[in-house]
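Let's walk through this structure together, from its overall build to one strand in its sheet. Keep the sequence and the 3D view open as you read.

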Amino acid sequence: MTDIAGKTALVTGGGSGIGRGLALALAAERASVVVADILLDKAQAVAEEIRSQGGSAIALACDVCERDSIKQMKADANAAYGPVSLLFANAGATSFERLTDMSEADVDWIIQVNLMGVTYCLQTFLPDMIAAREGHVMATASMAGMLPAWIPMHAPYSGAKMGIIGLMLNLSLELAEHNIGSTVYCPGGVATGMKDNNERYRPQRFGGPGPGPVKVPEGFFMEAKTTFLPPEQIAPMVLRGVRNNRAIVFDHSDQRKIFQETYLNLVMQAFDDALDYEQSMGMTP
Ligand SMILES: NC(=O)c1ccc[n+]([C@@H]2O[C@H](COP(=O)([O-])OP(=O)(O)OC[C@H]3O[C@@H](n4cnc5c(N)ncnc54)[C@H](O)[C@@H]3O)[C@@H](O)[C@H]2O)c1
């Protein structure tokens with residue numbers, strides 16, 4: 001069991017959507033919350049909301065694409081609350097575009113913010129948890145990483161999110177000996193500001209910030225693929241997974257069917273091909 005009450009939790013991307021939902025749910029469970037976001041005004045609004053409800057929170061500016069920015073965030077969080085024992089590496093950005101239509105900066109941004117952002121945060125915050133022999137790390141991936149052949153025009157994003165899943169599941173092997181838990185959360189459709197605000201949080205070095213909505217190709221309807229749940233509904237579900245030390249958290253049980261129908265078919269086809277080849281070559285598996 002991972003305790004939440006009385007602990008210090010840090011949420012990246014805490015100024016909006018899932019991160020905001022997590023920050024509020026953590027405060028409701030009596031954690032002290034560091035709300036970190038590249039858009040400081042958004043983080044400040046969430047921290048203020050928590051304090052107005054009697055909770056404890058501070059807001060910090062951080063760009064998770066930059067190691068130095070994360071190190072500064074850690075120093076500021078430590079100065080306010082001491083060591084962080086619950087990390088929610090949640091910040092991310094999306095894209096719906098063919099890989100060949102994306103600029104180099106588009107691709108670099110999507111990989112950097114989603115995959116490297118999580119990796120940098122883990123590297124920065126884990127040493128304190130290891131020293132204390134307690135803590136839990138949660139990273140927000142996506143069903144687009146778990147089912148990378150599900151949503152089209154999502155290649156770098158799906159790759160980065162699948163990378164987070166691999167990173168977290170492998171990392172859990174080395175964290176267990178330090179009494180540190182890990183959870184990878186794969187949202188399958190949450191009603192957030194991402195589609196409308198995506199370009200606003202593109203860092204300058206990747207050509208941002210832009211005016212707002214993510215570019216979506218004509219005729220592309222993601223809505224047809226899933227239902228979008230409110231963050232207030234899914235945040236307690238994620239915290240339940242953290243509390244119970246679950247390696248993976250999903251939020252749409254109906255997506256089991258898509259997993260079975262698509263991804264497993266691809267994998268089984270590849271195993272069948274390998275078996276065919278082994279048999280045709282007289283190799284014994
Ligand atoms: N909403 C969904 O359906 C869905 C599905 C799958 C995965 N996700 C993942 O959930 C996470 C949260 O997204 P959301 O849907 O709540 O969107 P959102 O736009 O509401 O929130 C994202 C937050 O991350 C912040 N952010 C972006 N880049 C940052 C950076 N470089 N450094 C620090 N903060 C940064 C933004 O300012 C914003 O506050 C993301 O990792 C996203 O990929 C969301």
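Helices (H or I, at least four residues) and strands (E, at least two) are DSSP runs, numbered from the N terminus. By that reckoning the chain holds 9 helices and 7 strands. Please bear in mind that this is a predicted model: local features need pLDDT of at least 70, side-chain atom pairs count only at pLDDT 80 or more, and totals for chains, interfaces and linings use all residues. Residues are numbered from 1 along each chain as its sequence is written.

Of the 285 residues, 42% count as buried, that is, 20 or more other C-beta atoms, placed from the backbone, lie within 10 Å of the residue's own (12 or fewer would make a residue exposed, and anything in between partly exposed).

Now turn to strand S4 (residues 86-89). In a regular strand the side chains alternate between the two faces of the sheet. In S4 both faces are covered, with Leu-86 and Phe-88 buried on one side and Leu-87 and Ala-89 buried on the other.

Which strands pair with S4? Pairing here requires that DSSP finds at least two bridges between two strands. Strand S1 (residues 8-12) joins S4 in the parallel sense over 3 bridges, and Leu-10 stands opposite Leu-87. Strand S5 (residues 135-140) is also parallel to S4, over 4 bridges, and there His-136 is the bridge partner of Leu-86. From S4 the chain crosses through H4 to S5 in a right-handed β-α-β crossover: with the strands pointing away from the viewer, the path from the first strand over the helix to the second runs clockwise.
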